[in-house]
Each structure stands twice: as C-alpha cells, then as structure tokens.
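Subject: The structure we talked about

Hi,

Here is the structure I promised to pass on. Have it open beside this email while you read, and I'll walk you through what turned up.

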Amino acid sequence: MNLQLTAASDGALGGPGPLRVSVHDLAAARIWGLIRTLAAVLMPYRGRDKPESQKQANCVHAKLH
C-alpha cells in the first residue's frame, strides 16, 4: 500500500486513504481531488467591485508569481 498524507498550514494532517504502490504521486493527487482544490485556491478573484479582502488576496497572489 502507498499511504500519503497532506499537511495544512496549521499542521493538521489528512489523507483520503491508501492506494496501490503502483499509483504515481500525481495520479494519487488527481484521484483524491487535490489538483482541483489547489487550482481553486491559486486562481485570483476576478471582476470589478471586489471586497477589500479579495483585493488583498489578489495582491498576495500577484507577489507569488
């Protein structure tokens, strides 16, 4: 079995469960939906009249790239 865990910034650990050893890391991330979740987190907010919190998030996002 291949057991992989994810760690949140607050130190919480999680993992959806074991997979066969032959499953590649990227395939496991896709199976567990991690790619979709990360893509949603990494997309900046779009549109006009955003609240200040979204503007600040976009500013931080821009500095990451």
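Let's begin with the surface: the chain has an accessible surface of about 5,500 Å², and carbon and sulfur atoms account for 59% of it. Please keep in mind that this is a predicted model. The mean pLDDT of the chain is 83, and 97% of the residues score at least 70. If you go element by element, strand β1 (residues 6-7) has the lowest mean pLDDT, at 76, while α3 has the highest, at 88. As a general habit, don't read predicted coordinates in detail where pLDDT is low.

**The overall picture**

You'll find three helices and two strands in the chain. Starting at the N terminus, their order is β-β-α-α-α. The radius of gyration is 16 Å, well over the 11 Å that the globule rule gives for 65 residues, so the chain is more spread out than a compact globule. Try turning the model around: along its principal axes, the C-alpha trace spans about 50 × 20 × 20 Å.

How much of the chain counts as buried? The figure is 15% of the 65 residues. As for contacts between residues at least 6 apart in sequence, 5% of them join residues at least 24 apart.

**The start of the chain**

Now zoom in on Gln-4, which sits in the segment before β1. Gln-4 counts as partly exposed because its relative accessibility is 21%, and the cut-off for buried is under 20%. Which residues does Gln-4 contact, leaving aside its neighbours within four places in sequence? They are Gly-14, Gly-15, Asp-25 and Trp-32. You can also check the spacing between Gln-4 and Leu-19: they are 15 residues apart along the chain, and their C-alpha atoms are separated by 8.6 Å.

While you're in this part, look for the nonpolar surface patch of about 350 Å² that Leu-3, Leu-5 and Leu-13 make. Leu-13 belongs to strand β2 (residues 13-14). With a relative accessible area of 62%, Leu-13 is exposed, since anything over 50% gets that label.

**The loop between α2 and α3**

Next, move along to the loop that links α2 (34-42) to α3, where you'll meet Asp-49. Asp-49 has a phi near 55°, which is a positive value in a residue other than glycine. Is Asp-49 buried or exposed? Its relative accessible area is 79%, so Asp-49 is exposed.

Arg-46 is in the loop between α2 and α3 too. Arg-46 also counts as exposed, at 63% relative accessibility. From Arg-46 to Asn-58 there are 12 residues in sequence, and in space the pair is 8.9 Å apart, C-alpha to C-alpha.

**Helix α3**

That brings us to Asn-58 itself, which has its place in helix α3. Asn-58 counts as buried, with 17% relative accessibility. Not counting residues up to four places away in sequence, Asn-58 touches Pro-44, Tyr-45 and Lys-50.

Cys-59 is in helix α3 as well. Its relative accessible area of 40% makes Cys-59 partly exposed. The C-alpha atoms of Cys-59 and Pro-44 are 8.9 Å from each other, and these two residues are 15 apart along the chain.

One more stop in α3, which covers residues 52-64: have a look at His-61. His-61 counts as buried, at 16% relative accessibility. Once you set aside neighbours within four places in sequence, the contacts of His-61 are Leu-42 and Pro-44. So keep an eye on Pro-44 as you rotate the view: Asn-58 touches it, and His-61 is in contact with it.

If you'd like a quick route through the model, try these stops:

- Gln-4, for its contacts with Gly-14, Gly-15, Asp-25 and Trp-32
- Leu-3, Leu-5 and Leu-13, for the nonpolar patch
- Asp-49, for its positive phi
- Asn-58, for its contacts with Pro-44, Tyr-45 and Lys-50

Have fun with it, and write back if anything is unclear.

Cheers

Methods: Residues are numbered from 1 along each chain as its sequence is written. This is a predicted model: local features need pLDDT of at least 70, side-chain atom pairs count only at pLDDT 80 or more; totals for chains, interfaces and linings use all residues. Side-chain values use heavy atoms; hydrogens and water are left out. Patches are made of residues with over 30% relative accessible area and no salt bridge: like charges are joined within 9 Å, nonpolar side chains (Val, Leu, Ile, Met, Phe, Trp, Tyr) within 5 Å. Accessible areas come from the Shrake-Rupley method with a 1.4 Å probe; for residues, only the protein chains shown count as cover. A salt bridge is a side-chain nitrogen of Lys or Arg within 4 Å of a carboxyl oxygen of Asp or Glu. Helices (H or I, at least four residues) and strands (E, at least two) are DSSP runs, numbered from the N terminus. Buried means under 20% relative accessible area, exposed over 50%, partly exposed in between (1.4 Å probe, protein chains only). Contact means heavy atoms within 4.5 Å. The radius of gyration is taken over C-alpha atoms; the globule rule is 2.2 Å times the number of residues to the power 0.38. pLDDT is the predictor's confidence in each residue, from 0 to 100.
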